[in-house]
Amino acid sequence: MKILIADDSVVSRHLLEATLRKWGYDVTVACDGAEALQVLERPDAPALIILDWMMPGMTGLEVCQRIRQRGSEPYTYILLLTSKSQKEDLIEGMDAGADDYIAKPFDQSELQVRLRAGTRLVGLQADLLAAREALREQATRDSLTRLWNRSSILDALSRELARAWRESSPLGVVMVDLDHFKYINDNHGHPAGDAVLREAARRMQNGVRQYDSVGRYGGEEFLILLPNCGEAESCSQAERLRKQLTHTDIRIDDTSLWITASFGVTAALPGEPWTAEGLIRKADEALYVAKKSGRNRVEILAYHAEPAPAAAPSETAVAT
Ligand SMILES: [Mg+2]
């Protein structure tokens with residue numbers, strides 16, 4: 001457990017530091033408020049700070065207020081160290097954002113109890129953040145493949161399109177469908193089918209650049225976004241992925257399965273009035289052409305804005 005001590009008094013600082021080290025804490029020391037705030041800016045900043053109230057320059061109260069104004073996560077637990085003992089002063093300290101206080105010179109057992117309360121709260125906070133992160137992960141990832149799920153990859157498409165528009169840059173949109181996937185499920189069972197999906201997802205994820213997005217769009221269908229890729233580059237990226245996907249057999253127990261996939265490519269180019277739905281439809285059409293032309297191949301269709309449908313919203317073509 002990391003603790004930051006901020007105190008302008010050398011004697012008090014050393015005493016606190018020695019005590020805390022003896023108790024096994026990982027201690028960082030700051031001589032004034034400004035230095036304390038700097039330490040808290042670091043990515044591995046302590047989540048608990050023992051803060052002297054009376055310091056030259058920035059007082060402990062001001063440091064408290066600054067920390068709370070930032071409102072950043074994870075929470076910083078503030079234990080205010082004060083020689084002031086009037087009740088009104090303490091209220092002022094708590095109002096400024098301190099969590100607890102301890103009178104100076106401190107009593108060892110009292111300090112121990114206060115720190116226990118602080119570390120407990122910091123631990124709970126960390127658990128809460130981890131739980132929230134796990135929930136977010138659950139809500140945005142496909143549980144089988146760990147790729148983005150359908151709604152997340154569609155969100156990513158909207159975001160990337162907005163960025164492409166802002167920066168006048170292209171965006172490659174690739175629809176991928178594993179070939180004859182039903183055959184694998186029917187002949188080797190669904191666990192084998194799941195293993196194939198996981199491995200195909202892994203190969204695609206490993207095959208793209210760090211800033212590309214790969215999502216599971218449907219059963220054995222995947223949507224890939226390639227920022228800054230026009231038509232030609234999107235095609236070569238798709239071709240590279242196709243080769244990586246089919247490069248080696250997938251081993252499942254004693255069975256070795258060779259999988260292939262068909263790729264439909266289109267790209268949003270600067271100056272074209274594209275829509276997310278139109279791009280997906282176009283990539284889907286290209287995928288359909290790839291399927292029709294013998295599978296295990298990449299096909300591209302240039303995107304041209306289509307007139308909006310007169311009545312009912314059009315359906316996305318489904319390639320199998
Ligand atoms: Mg002081």
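## A tour of two sheets and two cores

In the predicted model, select A6 and L51: L51, in β3, is the bridge partner of A6. Now extend the selection to the two strands around this pair. Strand β1 covers residues 2-6 and strand β3 covers residues 48-52, and the two pair in the parallel sense over 4 bridges.

**The whole chain**

Zoom out and show the chain as a cartoon. It holds 10 helices and 12 strands. Turn the view along the principal axes: the C-alpha trace spans about 85 × 50 × 35 Å. The radius of gyration is 29 Å, whereas a compact globule of 320 residues would have one near 20 Å. Of the 320 residues, 34% count as buried. Among contacts with a separation of 6 or more, 66% join residues 24 or more positions apart.

**The parallel sheet**

Go back to β1 and add its other neighbour. β1 pairs with β2 in the parallel sense over 5 bridges, and K2 stands opposite D26 in β2. Strands of a sheet pair through backbone hydrogen bonds, either parallel or antiparallel.

Next, show the full sheet. It is open and has 5 strands in the order β2-β1-β3-β4-β5, with parallel pairing. Its edge strands are β2 (26-30) and β5 (100-103), each of which pairs on one side only. Neighbouring strands here are turned by 20 degrees against each other on average, direction ignored.

Is β1 mostly covered or mostly open? Of its 5 residues, 4 are buried, so a count of 20 or more other C-beta atoms within 10 Å is reached at each of those 4.

**Helix α1**

Select residues 10-22. This is helix α1, with 13 residues; from its first C-alpha to its last it reaches 18 Å, close to the 18 Å expected at 1.5 Å a residue. An α-helix has 3.6 residues a turn, so residues three or four places apart point the same way. α1 lies across β1, β2 and β3, and runs at about 170 degrees to β2. After α1 comes G24, with a positive phi near 95 degrees.

**The mixed sheet**

Now select β7, β8, β6, β11 and β12. They form an open sheet of 5 strands in that order, with mixed pairing. β7 (213-216) and β12 are the edge strands, and each pairs on one side only. On average, neighbouring strands of this sheet are turned by 20 degrees against each other, direction ignored.

Look closely at β7 and β8, which pair in the antiparallel sense over 4 bridges. In this pair R216 stands opposite F222 in β8. Add α8: this helix packs on the sheet, touching β6, β7 and β8, and its direction makes about 165 degrees with that of β7.

**The cores**

Which residues of the largest nonpolar core touch the most other members? Select V173, V174, I224, F263, V265, A268 and A283: of the 46 residues in this core, these have the most such contacts. Several elements each supply at least two of its residues, including α6 (150-167), β6 (171-178), α9 (231-246) and β11 (261-268). The largest share, 7 residues, comes from α10.

Apart from this core lies another, of 27 residues, among them I3, L40, C64 and L79.

For the last stop, centre the view on I224. Leaving out residues up to four places away in sequence, I224 touches V174, V176, M204, V208, D212 and V214.

Technical notes
Residues numbered from 1 in each chain as written. Predicted model: local features only at pLDDT ≥ 70, side-chain atom pairs only at ≥ 80, totals over all residues. Rg over C-alpha atoms; globule rule 2.2 N^0.38 Å. Buried ≥ 20, exposed ≤ 12 C-beta atoms within 10 Å, placed from the backbone. Contact = placed C-beta atoms within 7 Å. Expected span 1.5 Å × (residues − 1). Pairing = 2+ DSSP bridges. Axes fitted to C-alpha atoms, helices over the stretch in contact; angles between N-to-C directions. Core = buried A, V, L, I, M, F, W, Y, C linked by C-beta atoms within 7 Å.
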